[in-house]
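Please open the structure in a viewer and keep the selection tool at hand. The tour below proceeds from one selection to the next.

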Amino acid sequence: MQRPQAYRFELQPNGEQQHLMRRFAGSCRYVYNKALALQQERHEAGEKKLGYAALCKALTEWKGQPQTLWLNETPSQALQQALKNLERAYKNFFEKRADFPRFKKKGVSDSFRYPQGIKLDQGNSRVFLPKLGWLRYRNSRDVLGEVKNITVNQSCGKWFVSIQTERKVDQPLPQGEAVGIDMGIARFATLSDGSYLEPLNSFKKHQQRLTRYQRAMSRKVKFSNNWKKAKVHVQRIHTRIANARKDFLHKASCQISQNHAMIAIEDLQVRNMSKSAKGNSEQHGKHVKQKSGLNLSILDQGWFEFRRQLEYKSAWNGGFVVAVPPQYTSQTCPCCGHVSKDNRQTQAKFECVECGFEENADLVGAINILARGHRVLACGGMVQSGHPAKQEPTEATQAIVA
């Protein structure tokens with residue numbers, strides 16, 4: 001099987017290389033925004049959207065214009081990759097996976113990509129990039145496979161290189177048994193075997209400190225030197241929050257995917273769950289402050305990223321992930337199959353009003369998720385949403401309940 005994998009390292013460029021990378025990122029941002037503006041103008045005029053090939057021809061014209069001759073200083077392939085990014089953004093929008101493409105801002109996600117002409121010297125911890133030369137990087141691990149492309153991006157004043165590779169590996173055999181996972185706030189993930197993971201709450205831990213620095217930044221004159229210094233402090237806190245969350249999710253997903261052959265999870269729509277409750281001018285929302293705090297807690301957990309990591313890491317280890325409907329998972333009794341909102345007495349306590357079965361509500365949800373995962377596989381992968389049917393518990397469920 002072909003295994004794609006990416007490696008990220010911190011670059012150690014000199015002053016001239018940093019200057020060139022900022023210029024390259026700015027040129028790619030300019031091309032992206034100019035192409036997006038052109039597409040919008042054609043849409044308003046009732047004309048058809050240009051494809052990638054037509055945009056490349058327009059790029060050649062832009063590079064020949066006197067006012068944009070500086071685009072020739074940037075590698076052509078990096079500028080073409082910016083057009084590919086715009087094409088992908090439109091595709092994600094039309095397929096309802098993302099919002100409409102927006103114009104890029106300076107200092108936000110500055111990056112550029114090289115699809116070819118790159119060299120990697122791992123022995124000397126350096127990488128060769130066209131028009132930049134050899135750059136040293138912090139070599140923390142070996143890069144395996146054939147290098148496909150390299151992306152350079154800036155984050156919190158530092159430059160990083162992401163190396164995407166592809167290599168052929170033998171199909172691994174799955175290890176462990178099946179498990180169901182119930183996601184939550186009080187417990188980040190509860191497994192059907194009774195174990196659970198405590199939440200990290202990375203944003204909540206730094207929220208007070210972040211608020212203090214953001215308040216100090218708001219008092220400064222915008223774009224002044226003091227404002228820029230205050231902005232650096234805010235960026236560092238955001239970076240620390242993101243890095244801590246990313247480290248937690250990677251460790252958790254690795255542990256679960258390596259020890260279980262099948263993972264059943266809820267098909268949660270995180271975007272819908274974290275919508276604001278403010279309402280509009282005609283119909284005001286209810287419990288806005290409470291819903292705002294719940295939305296922050298949901299987004300702080302990183303449920304979607306956790307699911308994404310589970311899917312590709314399970315494939316690497318020979319396992320697979322099954323997504324099941326999330327309705328009534330914590331209100332269904334795993335023993336008798338009775339469904340009622342009265343079964344869940346509190347946030348953590350489950351007590352069936354039919355048979356008297358008692359257990360932690362999150363564990364009951366994980367057990368029901370695992371049972372639904374088995375039923376989904378038995379039905380050939382068909383997922384049916386709605387009220388679950390009353391069915392006999394599986395052997396794995398009986399063993400867990402016992």
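A residue counts as buried under 20% relative accessible area, as exposed over 50%, and as partly exposed in between. The model on display is a predicted one.

Begin by selecting F100, which has a relative accessibility of 34% and therefore counts as partly exposed. Add Y90 to the selection; with a relative accessible area of 4%, this residue is buried.

The structure holds 14 aromatic pairs. One of them is formed by Y90 and F100, an edge-to-face pair measuring 5.6 Å centre to centre, with 85° between the planes. This pair links distant parts of the chain: Y90 belongs to helix α3, while F100 is found in the loop between α3 and β2 (111-114), ten residues apart.

Next, select F93, located in helix α3 (residues 76-94). F93 has a relative accessible area of 30% and is partly exposed. Add F94 as well: ring pairs join Y90, F93, F94 and F100 in a cluster. On the surface, F93, F94 and F100 make up a nonpolar patch, whose accessible area together is about 280 Å².

Which residue has its charged end over the ring of Y90? Select K49: its charged end lies 5.1 Å from the centre of that ring. For another charge over a ring, select R8 and F160; R8 lies over the face of F160, 4.1 Å from the ring centre.

Finally, move to helix α8 (residues 303-316), where Y312 and W316 lie four residues apart, about one turn of the helix. Of these, Y312 is partly exposed, at a relative accessible area of 23%.

Note on methods: Residues numbered from 1 in each chain as written. Predicted model: local features only at pLDDT ≥ 70, side-chain atom pairs only at ≥ 80, totals over all residues. Heavy atoms only, no water. Patch = residues over 30% accessible without salt bridge, like charges linked within 9 Å, V, L, I, M, F, W, Y side chains within 5 Å. Areas by Shrake-Rupley, 256 points an atom, 1.4 Å probe, with all protein chains shown as cover. Salt bridge = Lys/Arg side-chain N within 4 Å of Asp/Glu carboxyl O. Helix = DSSP H or I, 4+ residues; strand = E, 2+ residues; numbered from the N terminus. Buried < 20%, exposed > 50% of the residue type's maximum accessible area, 1.4 Å probe, protein only. Phe/Tyr/Trp six-rings, centres within 6.5 Å; stacked < 30°, edge-to-face > 60°. Lys NZ or Arg CZ within 6 Å of the ring centre and 35° of its normal.
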